[in-house]
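Biologist: Could you walk me through reading aromatic rings in a model? I'd like the general idea each time, then the case here.

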Amino acid sequence: MASGGPSVASLWTEVNRCGQNGDYTRALKALSKILQESRDDVTALHCKVVCLVQNGSFKEALNVMNTHSKVLGSEVVFEKAYCEYRLNRVESSLKTIESAPEQTDKLKELYGQVLYRLERYSECRSVYTDLIRNSQDEYEEERKTNLAAVVAAMSQWEQAPTEDLGLSEVTYELCYNAACALIGQGQLTEAFSKLQQAEELCRASLAEDSDMTEEDIESELAVIHSQMAYIMQLQGRTEEALQLYNQVIKLKPSDVGLVAVTANNIITINKDQNVFDSKRKVKLTSAEGVEYKLAKKQLQAIDFNKALLAMYTNQADQCRKLSSSLQTQNPGHPLPVLIQAAQLCREKQHGRAIELLQHFLDQNPERASAIKLTMAQLYLVQGHVTKACDVLRSIEEYQHKAGMVSALVTMYSHEEDIDDAIDVFKQAIEYYQAEQPGSTAHLALVREAANFKLKHGRKKEAISDLEQLWKQNTKDVFTLAQLISAYSLVDTDKAKAFSKHLPSADTMAFNVDVDELENSHGATYVRKKAAKVVGENLPTEPGQAEVKKKKKKKKGKLPKNYDPKSTPDPERWLPMRERSYYRGRKKGKKKEQIGKGTQGATGGALADLDASKIASSPPTSPRPGSGSSAAPSAGVPPRQQKPSSSGATRKKTAPKKKKGGKGGRS
């Protein structure tokens, strides 16, 4: 029976035309009609999957492939793996690729992307290296860019040494990836130059496109600018870095990964300052899809900073919740435990913090260094210096470090434990004697040990160190002098033997002008020169000695009322209260003179103020510059004013009125 609709041939023509024009929605309609006629048409099902993928309908495409898996078989292995990859089912995509009967070039391309997402960088590099070597098409530049990205990731996250793969940096993507690899190697200056080169190439490339606006170009440059700011931050140029980070945030890039990393770096610059800005920025790090855009270490750093921000904003419960979650996700990482310990310290619970660190240390002895350093700091805060020293000495990899030796010797000296301080020097010197004999660090430690022993009177113990130093440099006169001084208390014969090595006085005498040295700016004692005699009164006879003039002693001054006939009081040098004739002060004589008037007024003053006792007299005119006096308010004593230098009294200003209320009383 003939059908009234279009024929299958015409429908296939429609599908072909829509595919060439990129109109996949209309092509899907035609394919649906074809599948109504033939439900298991393999070609129609395959075309439908391709159209759904082109439209971004990955879930629907995957459903079609799973529903007709028996019919399609291995025809759609690539499409299935790609849909799983785009739906962030990376592990499933990897299994699909590995189960394919044949590894085509497009499957290898996808395989490289999947390995990169799984952070299996060594395998990924091998895949891209093989593709570049065995294929020649228009996608070669993209493969080189991906390979450069893999090398950069290995340098940044695995600290792997970079290899020169011979990739010509002709595009800004290749320049950017090369800069990232240099950052991983710590070559910040060279990396910054590469980023500047990448910016120039990007501007030149995008300027050729007439449809690109300046805003579009700035958005494309955002990732380069953010990386530049990161280098500035590492170099300590935090103000410049912060300014560039904020410029990137204002552009509102569509890449949620870029926004999250930039916001996180701003939070690290703010630290415990500007927490309100950090609270706003931390929301940008939690955008949807961020976990699929960043590496695991980047996500881990963001989570750690969220916990630290909660601590800085005094959100104790939130801080404990986040740090506990981080500890569960990263059981061997010390940072979550350190954050919990820091929170306990903010709550003045140092004992609990030490217990927490000790518990983690027992379970993870391989992470001992950072934990023990923190424990030592907490012991010092509590004043337990000896316990702090014991913890520090248990860190084997730091025992010989100069900083550790210096800290331990300082703390032991503070506790007056000279024996343990010398033992610290001994262990460090023995390490360098075995590993780096005669090195600069070894000799510096020996020198410091000898000086320390001499300082604390251990000259006998310092002899071996001084001999070792002198043997290294027999021309060192200072060390030789110290050695002779030490031997002089122990073995005088050896002291005399070593003193023979001292240079003679002639060789040590330098052409020094003593007068010029004494008159120099730094001289503390200057020898006084004899004054010239005006008249020559030299003795005539050679044996006559010079007679010195005796200075006359001045008589002490006597009191004005001094009477030489009267006997002075023998108790005049004692305080009045300690003299035998002191009877104390008489009380009650001035009682009647105390007035009952205003504060500071006396009885005589009250009588003068009584108007009834003053004879009437004509009023005097006010003095120039003085205002008319007003009567004081009841119950408030008048305050005296200090007269000004001109003789006129100062005028009090009227009290200011309060806003929104009544004015004060004048």
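Biologist: Is Y121 buried or exposed?

Modeller: Keep in mind that this is a predicted model. The general idea is that a residue counts as buried when its relative accessible area is under 20%. Y121 comes out at 4%, so Y121 is buried.

Biologist: And how does Y116 count?

Modeller: Between 20% and 50%, the label is partly exposed. Y116 has 32% relative accessibility, so Y116 gets that label, partly exposed.

Biologist: How many aromatic pairs does a search of the whole structure find?

Modeller: There are 5 aromatic pairs. To read one, you look at the angle between the ring planes: under 30 degrees counts as stacked, over 60 as edge-to-face. Take F78 and Y82: their ring centres are 6.2 Å apart and the planes sit at 20 degrees, so this pair is stacked.

Biologist: Where do F78 and Y82 sit along the chain?

Modeller: Both are in helix α6, which covers residues 77–86. They are 4 residues apart there, so about one helical turn separates them. F78 is partly exposed at 22% relative accessibility, and Y82 is partly exposed at 24%.

Biologist: What about the rings of Y116 and Y121?

Modeller: Their centres are 5.7 Å apart with the planes at 65 degrees, so that pair is edge-to-face.

Biologist: Which residues form one aromatic cluster with F58?

Modeller: F78 and Y82 join F58 in that cluster.

Biologist: Which residue lies over the face of F192?

Modeller: That's R237, at 5.7 Å from the ring centre.

Terms used. Residues numbered from 1 in each chain as written. Predicted model: local features only at pLDDT ≥ 70, side-chain atom pairs only at ≥ 80, totals over all residues. Heavy atoms only, no water. Phe/Tyr/Trp six-rings, centres within 6.5 Å; stacked < 30°, edge-to-face > 60°. Helix = DSSP H or I, 4+ residues; strand = E, 2+ residues; numbered from the N terminus. Buried < 20%, exposed > 50% of the residue type's maximum accessible area, 1.4 Å probe, protein only. Lys NZ or Arg CZ within 6 Å of the ring centre and 35° of its normal.
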